[in-house]
Amino acid sequence: MLRKTRLYISRYAYYLRSIFTILLGMSPRAKIIASFLGLEKAIITIKLKGGLRFNVRSRMDIWIAKETCLDRDYEKHGASLKPGWTIVDIGGGIGDFAILAAQTDGSTIHVYEPFEGSRQLLRENLKLNSVNNVNCYPEAVGADFGLGRMDTSPPYPVMYHTVGDTAQTAEEVATIPLSEVIRRSGKDVIDFMKVDCEGAEYDVFFNADDASLASINRICMEYHNHLTEYRHQDLRKFLRAKGFTVTTAGNPAHETIGFLYATNNRINSH
């Protein structure tokens, strides 16, 4: 009972803070409010404090842009992005993290987004922000080369994942393993890997070869405990055994998701 009460307080405190973050950090406010109320059905262009702009299709897109670009969740729970880094974004969505990362001087970003609806907005948003250091790929990252089942069920038109077989609506997508992601980067080392793939993170890492894992310096992911048989504790144990130092942080509003940050012990020793 006490845990539920604490979560309730944490959740609504987070929502209240987020309302102010959105209203103070995004425009046009009228269209954003209309989108959250379900009164705005069309794609709108939002502008963030700092100048980044995004075409968004829903309140969920707006919320994710808030978490990534205003709250800076992947840096807060991971590491500040540095000039010249090679960055991989698995589960790129509409491009919020990739475009934010692209503002770092000399960086190169490789973003993977298998859902065409999201990938189209990603391409539009790259142009909208005059970004030319992002490479966009259409595959889902998974266990191996092949085909995966991508759940496209309602209610949220942005939360697509490639796990499970109970989806009301689904489509097949091409999958590639982590080793192919590393190969395509053209680099021996990935400085930062951001992951948000709605439960497919377990397939991605549990099936990765040791050489691929060793080539990653930092991983920051949103974990999902409710979509597969695995939990983030399993992933934490696995990555620690593979030579990473791992920390986790729960989500302030939902018990089943949170952030996992792993740093390669190779860089920790330097």
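In this predicted model, the side chain of Asn251 reaches the backbone nitrogen of Ala253 at 2.7 Å. A polar atom of the Asn251 side chain also lies 3.0 Å from the backbone nitrogen of His254. Both separations fall within the 3.5 Å limit for a polar contact. Asn251 sits in the loop between β12 (244-250) and β13 (257-264). Its relative accessibility is 16%. The cut-off for burial is under 20%, so Asn251 counts as buried. Beyond its neighbours within four places in sequence, Asn251 is in contact with Ile257 and Gly258. Ile257 and Gly258 fall within the range given for β13 (257-264).

Backbone geometry was examined next. Most residues other than glycine have a negative phi, and most peptide bonds are trans. Ser27 and Pro28 are joined by a cis peptide bond, with omega at about 0°. Pro28 is located in the loop between β1 (26-27) and α2 (29-36).

Positive phi values occur at Arg72 and at Ser130. For Arg72, phi is near 60°. This residue belongs to the loop between α3 (59-70) and α4 (73-76). Its relative accessible area is 34%, so Arg72 is classed as partly exposed. For Ser130, phi is near 50°. Ser130 lies in the loop that runs between α6 (116-128) and β6 (134-137). Its relative accessibility is 66%, above the 50% cut-off, and Ser130 therefore counts as exposed. Neither Arg72 nor Ser130 is a glycine.

Cysteine pairing was then considered. A disulfide is a covalent bond between the sulfur atoms of two cysteines. A search of the whole structure returned zero disulfides. Cys136 is in no disulfide. The cysteine sulfur nearest to that of Cys136 belongs to Cys197, at 16 Å. A disulfide requires two cysteine sulfur atoms within 2.5 Å, so this separation rules out a bond between Cys136 and Cys197. Cys197 is likewise in no disulfide. For Cys197, the nearest cysteine sulfur is that of Cys220, 13 Å away. This distance also exceeds the 2.5 Å cut-off.

The two cysteines fall into separate accessibility classes. Cys136 has a relative accessibility of 28% and counts as partly exposed. Cys197 has a relative accessible area of 11%; because this is under 20%, Cys197 is buried.

Terms used: Residues are numbered from 1 along each chain as its sequence is written. This is a predicted model: local features need pLDDT of at least 70, side-chain atom pairs count only at pLDDT 80 or more; totals for chains, interfaces and linings use all residues. Side-chain values use heavy atoms; hydrogens and water are left out. Helices (H or I, at least four residues) and strands (E, at least two) are DSSP runs, numbered from the N terminus. Buried means under 20% relative accessible area, exposed over 50%, partly exposed in between (1.4 Å probe, protein chains only). A polar contact is a pair of N or O atoms within 3.5 Å; within protein, one must be able to donate a hydrogen and the other to accept it, and residues adjacent in sequence count only if both atoms are side-chain atoms. Contact means heavy atoms within 4.5 Å.
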